[in-house]
Amino acid sequence: MASLPGPITELITALTHLPGIGRRSAERIALHLVQAEAGESKLLSEAILKARETIHFCTTCGALTEKSPCVLCDDPRRDGALLCLVERAVDVLSIEKSGTFHGRFHVLGGRISPLDGVGPDDLRIAQLEERLKREPVREIVVALGTDVEGDATSNYLARRLAKPGLKITRIAHGLPAGTGLEYADELTLSRALEGRREMT
Ligand SMILES: [Zn+2]
């Protein structure tokens, strides 16, 4: 790409850092943007900045939101007895899209991974325990990925959170083995939720 002007090369490099955008797509998008009407690039850059500035993590559940607590935490029609535990904020969106779950959420912010130096204290587990003290949760639905770290984290949580009167279930049924929730389609996810099993 030595023949391209510097600013285009910089734009391509920045775009390749985005998830799902390979070198070829980055080049196509960059070349489109520099040739499109000035208004189009301006609109895109403003939308990126606005979203980045106004979207935060909900202080209660950890989902992405404009205001905290978020609409999911704030909605009185949602079942406060059911709490779905997910790894990342985007997993909330996947489960919401499946349309099967009507409880509340808690985002862990990752999973236990000794190899990457991620321990329980790096996750939002203390915040979860605080919520369990003040919210009427009767069932925790553990919805982590089905790979080794997802399994280890789920088992750790089931042991740590266990207490009388609290059911801890895990979705797994039909989820592709060794993957995260983003790879499951809506039907698979809703079946996985319906087929959740109690952890012992
Ligand atoms: Zn929330």
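**A tour from S94 to the zinc site**

Leaving aside the neighbours of S94 within four places in sequence, this residue is in contact with L181, E182 and L189. Select these residues together as the starting view. The model on screen is predicted, and its numbering runs from 1 along the chain as the sequence is written.

**Stop 1: the setting of S94**

Next, select residues 89-98, which form helix α5, the element in which S94 is found. Is S94 buried or exposed? S94 counts as buried because its relative accessibility is 16%, and the limit for that class is under 20%. With the helix still displayed, add L181, E182 and L189 again to see the contacts of S94 beyond four places in sequence.

**Stop 2: S113 in its loop**

Now select β4, residues 103-107, and α6, residues 125-134; the loop between them holds S113. A loop position does not leave S113 open to solvent in this model: its relative accessibility is 2%, so the residue counts as buried. Which residues touch S113, once its neighbours within four places in sequence are set aside? They are V118 and E149, and displaying both side by side with S113 completes this view.

**Stop 3: the zinc ion**

Select the zinc ion together with C58, C61, C70 and C73. Each of these cysteines coordinates the ion through its SG atom, at 2.3 Å. The donor residues follow the spacing C-x2-C-x8-C-x2-C in sequence. What is the arrangement of the four donor atoms? Since they subtend angles of 103 to 115 degrees around the zinc ion, the arrangement is tetrahedral. Keep C58 and C61 selected for a moment: both are buried.

**Stop 4: the whole chain**

Finally, clear the selection and display the full chain as a cartoon, coloured by secondary structure. It has eight helices and seven strands. The C-alpha trace spans about 65 × 35 × 35 Å along its principal axes. Of the 200 residues, 40% count as buried. Among contacts between residues at least 6 apart in sequence, 56% join residues at least 24 apart.

Switch to a surface representation for the last view. The chain exposes about 11900 Å², and carbon and sulfur atoms supply 56% of that area. Colouring by charge brings up 26 positive and 28 negative charges; the mean positions of the two sets are 4 Å apart.

Conventions. Predicted model: local features only at pLDDT ≥ 70, side-chain atom pairs only at ≥ 80, totals over all residues. Heavy atoms only, no water. Donors = N, O, S within 2.8 Å, 3.2 Å for Na, K, Ca; no water. Tetrahedral: all angles 85-135°; square planar, octahedral: opposite > 155°, others 65-115°. Buried < 20%, exposed > 50% of the residue type's maximum accessible area, 1.4 Å probe, protein only. Helix = DSSP H or I, 4+ residues; strand = E, 2+ residues; numbered from the N terminus. Contact = heavy atoms within 4.5 Å. Areas by Shrake-Rupley, 256 points an atom, 1.4 Å probe, with all protein chains shown as cover. Lys, Arg positive; Asp, Glu negative; His and termini not counted. Charge placed at Lys NZ, Arg CZ, Asp CG, Glu CD.
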